[in-house]
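Visitor: I've got the model open and I keep tripping over the labels. Could you walk me through what earns each one?

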There are 2 protein chains.
Amino acid sequence: MVSMKDIAKKCGVSVATVSKALNGYSDIGKEKREEIKRCAEEMGYFPNSSARALKTNRTWNLGILITDNLHSGLTHSYFAAILDAIKVTAERRGYDITFTSMSPVGGRKMSYYEHCRYRGLDGVVIANIDFTSPDIIELVKSPLPIVTIDYVFDGRTAIVSNNQKGMRELTEYVFSMGHRQIAYIHGDDNTVTKERLASFYRTAEAYGVTVPDKWVLPSRYRDVGMTERRTRELLSQDSLPTCIFFPDDFSAVGGMNAIRSAGLRIPEDISVCGYDGIPIAFAMYPRLTTLRQDTATVGKIAAEKLISLIENPKIALIEKISVDGELVKGDTVRRMQPS
Amino acid sequence: MVSMKDIAKKCGVSVATVSKALNGYSDIGKEKREEIKRCAEEMGYFPNSSARALKTNRTWNLGILITDNLHSGLTHSYFAAILDAIKVTAERRGYDITFTSMSPVGGRKMSYYEHCRYRGLDGVVIANIDFTSPDIIELVKSPLPIVTIDYVFDGRTAIVSNNQKGMRELTEYVFSMGHRQIAYIHGDDNTVTKERLASFYRTAEAYGVTVPDKWVLPSRYRDVGMTERRTRELLSQDSLPTCIFFPDDFSAVGGMNAIRSAGLRIPEDISVCGYDGIPIAFAMYPRLTTLRQDTATVGKIAAEKLISLIENPKIALIEKISVDGELVKGDTVRRMQPS
DNA sequence: ACAGGTCTTGAAAACGTTTTCGTAACTATA
DNA sequence: TATAGTTACGAAAACGTTTTCAAGACCTGT
């Protein structure tokens, strides 16, 4: 491995001079700088990030905390898409991405925060995780630059998909299509769900519609089986809604199966909506009516805000940023005839 | 940040002693070792990975190269699942995962290999990438421990999903259901596709069936639109197959749309198969007949082999490991009546 | 010719570890 | 008691950088 020392020797200068020439300091003569740069290139020199980090306390490395209890959030297409955007943006700014776990190193378990210190990460993005766990709290309370996704901590920058507006748009669309009997099979009990539910109720109220409790059933995100069962329960009631909202696009597939095996057609007999806008929603037939969350923007902003928190700790603002989604009308909500 | 120096001062010993006590060297007295360990714990000491890496040339960090030309492979559920398994396995063994890109650092573009050197990665997993690009070739020819996924390089360990066997099983199943007219709309022209195609032809031949060229059409993996168009073309021919193979489960959705909008039912009028076994395949109705690739095992073995390559460079074998998938019968292939 | 200024450069310390080698103090053996 | 062997510890160098500070070289204007 060729180091600055080798370049210094070859060029007949000191290591300090090489360092400064390569890092663009102004106090190195033009010809000398050129020569050193050429030398470095020729010899295939590359800096050693460990040595640099040791000296500067900057690793140009961002941590990602995206593991949920079951699995890593990678198989969750919403978070995978966000991670993708974070990665692209970070790389463009010269940062790498490292996963942050609680794995044991050298025999001793490390907390998330300890792990981040160990690796010297410049900052961390936290997403799709149990935000109430003590380990996360410790990390959030630490002095590390941090950005959270879809969850807000006091005094920390957060990027959230605008569930309130999204749900409102989706609900308004359904109302505008003439529906008045709407059921909502919703996801796990967390802040995202609370926001969507609240927005759902508020919008219905604005239309003067009261949603009966029996039409609001709990399921879980991405749980096809449970959503299918809940849908079956719903369909066994004596009065049926004309439209059903599902927790997300994926679980909606389960719900739609339940509907079809009950002999009902979508959307002729019953309309449905998903949430997320995952690729399959655009591909399926009929195209699913849903609200596409703007994962690309969420990820991009998360990375940008984190980096500005790192690079301008004085100036950077602590913000809560809402990213709007986009209504995808699709074909699973039919227009009701005015009765 | 508390360092070994602080512990040494507090315990009245030298830094060397602290280092050895913490790393379990045998030449430190039992009581002293205990005291030092206790001290370290109390003071909240954690090692500095940069300093350690600088000295030992080991980072306990694995690189992942999974970016394809369009986007990062993260949104590709097959690779996301593999990455997930790699991550879990690596973490269990004390390694972290860092993405390896070609981003510019310090103004200069780096090749993949340069990037790996820069970060001091102990090894790299390469997947879902253009294996013919010069940058990849450079990396593969480098002295770095490397494992490739679904592509074989000479003298390098590779983990491949057993496409040959998988396609054979799928084809045999379809034949066993009485089908003799089978079409194959296949994916991009790469080694995976070649293997599947070859296996498809070979199996058909074993059943004494010749597949007409007009029934073997090129599409692209995960391309719903193109697969839908190709399917339409296929359906416009005057003689129709009784079963269609699609590039993968995702694009199969497009194909199925084409079939249905031609007024044909699945599987009553025409049978279909996907490939991959992504979650949606199990959720859709009717359940898709497909071949589930064992992503968990592929990822796990990839990580394990890479780590043994790193830790036992002398002993570790260069291998080509085939991971079998599993036939998922589903409900999209109907049993043909013997005519 | 000299003071003061501007450009260039290098010596050296520091970052936090690991590891080699030396040595002092014991312990066992003859 | 002298010798050899063992055990426990520390001094110091090294890894590859960055950065401060001093200083030499070269001007400029008086």
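Visitor: What makes the pair Ser14(B) and DNA strand D a polar contact?

Guide: A backbone N or O atom of Ser14(B) lies 3.1 Å from a phosphate oxygen of DNA strand D. A polar contact is a pair of N or O atoms within 3.5 Å (within protein, one must be able to donate a hydrogen and the other to accept it, and residues adjacent in sequence count only if both atoms are side-chain atoms), so the 3.1 Å pair qualifies. Some ground rules: this is a predicted model, where local features need pLDDT of at least 70, side-chain atom pairs count only at pLDDT 80 or more, and totals for chains, interfaces and linings use all residues. Residues are numbered from 1 along each chain as its sequence is written, chains are lettered from A and ligands numbered from 1 in the order in which they are written, and side-chain values use heavy atoms, with hydrogens and water left out.

Visitor: Which part of DNA strand D does Arg52(A) reach, and which does Asp27(B) reach?

Guide: For Arg52(A), a polar side-chain atom sits 3.1 Å from a phosphate oxygen. Asp27(B) goes to a base nitrogen instead, with a polar side-chain atom 3.3 Å away.

Visitor: How many residues surround DNA strand D, and what makes a residue count as near?

Guide: One of its heavy atoms has to lie within 4 Å of the strand. For DNA strand D that gives 29 residues, and the closest are Ser19(A), Tyr25(A), Thr17(B), Lys20(B) and Gly29(B). On the DNA side, sugar and phosphate account for 60% of the strand D atoms that come within 4 Å of the protein.

Visitor: Which elements supply that surface near DNA strand D?

Guide: At least two residues each come from α1 (4–11), α2 (15–22) and α4 (49–56) of chain A, plus α2 (15–22) and α4 of chain B. Those labels are DSSP runs numbered from the N terminus: helices are H or I with at least four residues, strands are E with at least two.

Visitor: And DNA strand C: which residues are closest?

Guide: Thr17(A), Lys20(A), Asp27(A), Ser19(B) and Tyr25(B), out of 29 residues surrounding DNA strand C. The side chain of Thr17(A) has an N or O atom 2.4 Å from a phosphate oxygen of DNA strand C. Ser19(B) does likewise at 2.7 Å, and a polar side-chain atom of Tyr25(B) is also 2.7 Å from a phosphate oxygen of the strand. Two or more residues of this surface come from each of α2 and α4 of chain A and α1 (4–11), α2 and α4 of chain B.

Visitor: Why is the pair Arg119(B) and Asp96(A) called a salt bridge?

Guide: The rule wants a side-chain nitrogen of Lys or Arg within 4 Å of a carboxyl oxygen of Asp or Glu. Here the N to O distance is 2.7 Å, so the pair passes. Across the interface of chain B and chain A, the rule finds 2 salt bridges. There are also 17 residue pairs in polar contact between these chains, both partners at pLDDT 80 or more.

Visitor: How much area is buried between chain B and chain A?

Guide: About 5,000 Å², with carbon and sulfur atoms giving 60%. Buried area is the accessible area (1.4 Å probe) that two parts lose on being put together, summed over both. The contact (heavy atoms within 4.5 Å) takes 51 residues from each of chain B and chain A.

Visitor: How do you know that chain B and chain A are related by a two-fold axis?

Guide: A rotation of 180 degrees with 0.1 Å of shift along its axis puts chain B on chain A, at RMSD 0.1 Å. That is the two-fold relation. The fit is least squares on C-alpha atoms of residues with pLDDT of at least 70 in both copies. The same surface serves both: 100% of the contact residues of chain B recur in chain A.

Visitor: Which loop holds Pro286(A), and what is the peptide bond before it?

Guide: Pro286(A) is in the loop between α12 (279–283) and β12 (290–292) of chain A. The bond from Tyr285(A) to Pro286(A) is cis, with omega near -5 degrees. In chain B, the bond from Ile266(B) to Pro267(B) is cis too, with omega near 0 degrees.
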